[in-house]
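Let's take a walk through this structure together. Have the model open in your viewer and follow along.

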Amino acid sequence: MSNTTTVQSVDRAIAILEILARDGATRVTDLAVELEVHKSTAFRLLAALEQGGLVEQSGDRGRYRLGFGVVRLAGAATAQLDLSRESRPVCLRLAEEIGETVNIAVPQDGDAVNITQVRGPAAISGHNWVGQRTPSHATSSGKVLLAFGALRLPAELKRYTPHTITSAAALRLDEIRERGWAAAVEELEVGLNAVAAPIMGGDGSVVAAVSASGPSYRLTKERLAEVGEVVADGAREISQRIGYYR
């Protein structure tokens, strides 16, 4: 299948979802007419969407409606939007207090993915981590998500710098759980240090991590414990804002 054909199929699949959202249960023939495609093409697209749980056949023969997979995706998107919105005031305060960049990361497909970022007054310039996937074992957020069970440790721990920890035992995940925060010292990038703490959802499970990161000459190893406690306090406040109560 060519790239053009693939893109066209994706466009048509999206159009089907929009039609079903607008009209409710719809016959295949009506979908084919609106899409200006053969009925067999509409069937093929519906079959792919049905396999993913995004559409399902209704009680009326030959009609399709949106499936519960759409609800699942919408719920995940809403949860991330709520997390970004509710965490922002805390992130702004942390960035001002610590003087470094503050990020919120969530677990996704084995990595930590940053969904929001606030730069501190000292961080005039720096990397934009929003949307970036970062390895779990080489970042403070990733270590937190590993320690509290939101991510699983990968089979291979890739080395990114001479300081990257490549041994599961050396990550000391039990110590991270005990003290409530994790640190990464030049493990993803030389010259970059970070600390992170877990954010709890309403059911008590860890859903994200909040981190503070900065250059190693400013966010020194000697400051990590102090900053870790500040970040942990912020993480507890964010947890409460999204519905967690101990």
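What follows goes through two sheets, the helices that lie on them, and a core. Keep in mind as you look that this is a predicted model.

Start with the smaller numbers in the sequence and find the sheet made of three strands. Its order is β1-β3-β2, and the pairing is antiparallel. That leaves β1 and β2 as the edge strands, each pairing on one side only. On one flank, β1 (residues 26–27) and β3 (residues 63–66) are held together by two bridges. You can pick these out by eye: Thr26 sits opposite Tyr64 of β3, and Arg27 has Arg63 as its bridge partner. On the other flank, β2 (residues 55–57) runs antiparallel to β3 and is joined to it by three bridges. Here, look for Glu56 standing opposite Arg65.

Now bring in the helix that goes with this sheet. α3 lies across β2 and β3, and its direction makes about 110 degrees with that of β2. The helix covers residues 39–51, so to speak a run of 13, and spans 18 Å from first C-alpha to last, close to the 18 Å expected at 1.5 Å a residue. Which residues of α3 are buried? They are Thr41, Ala42, Leu45, Leu46 and Leu49. These buried residues take up an arc of only 130 degrees around the axis, and therefore they lie on the same side of α3. Turn the helix around and the face pointing away from that buried side shows you Ala48 and Gln51, which are exposed. Just past the helix comes Gly53, with a positive phi near 75 degrees.

Next, move along to the six-stranded sheet. This one is open too, with antiparallel pairing, and reads β6-β5-β4-β9-β8-β7. β6 (133–134) and β7 (182–185) each have a single partner strand, so one side of each is left without a neighbour in the sheet. At the β6 end, two bridges connect β5 and β6 in the antiparallel sense, and one pair to look for is Val113 with its bridge partner Arg133 in β6. Against this sheet packs α7, which touches β4, β7, β8 and β9 and makes about 30 degrees with the direction of β8.

That brings us to the core. The largest nonpolar core holds 26 residues, and those with the most contacts inside it are Leu83, Ile104, Val195, Ile199, Val210 and Val231. Several elements each supply at least two of its residues: α4 (68–98), β4 (101–108), β5 (111–118), β8 (192–200), β9 (206–215) and α7 (224–241).

Two of those core residues are worth a closer look. Val210 belongs to strand β9. Is Val210 buried or exposed? Its relative accessible area is 0%, so Val210 counts as buried. Leaving aside neighbours within four places in sequence, Val210 is in contact with residues including Cys91, Leu94, Ile104, Val195, Ile199, Val231 and Ile238. For a sense of distance, the C-alpha atoms of Val210 and Ala15 are 37 Å apart, with their positions 195 residues apart along the chain.

Val195 is the other one. With neighbours within four places again set aside, its contacts include Ser140, Trp181, Ala183, Val210, Leu224, Val227 and Val231. Display Val195 and Val210 side by side and you'll find each in the other's contact list, with Val231 in both lists as well.

Terms used:
Residues are numbered from 1 along each chain as its sequence is written. This is a predicted model: local features need pLDDT of at least 70, side-chain atom pairs count only at pLDDT 80 or more; totals for chains, interfaces and linings use all residues. Side-chain values use heavy atoms; hydrogens and water are left out. A nonpolar core is a set of buried Ala, Val, Leu, Ile, Met, Phe, Trp, Tyr and Cys residues joined through side-chain atoms within 4.5 Å. Buried means under 20% relative accessible area, exposed over 50%, partly exposed in between (1.4 Å probe, protein chains only). Helices (H or I, at least four residues) and strands (E, at least two) are DSSP runs, numbered from the N terminus. Contact means heavy atoms within 4.5 Å. Two strands pair if DSSP finds at least two bridges between them. The expected span of a helix is 1.5 Å times one less than its number of residues. The arc is that of the directions from the helix axis to the C-beta atoms. Axes are lines fitted to C-alpha atoms, for helices over the stretch in contact, and angles run from 0 to 180 degrees between N-to-C directions.
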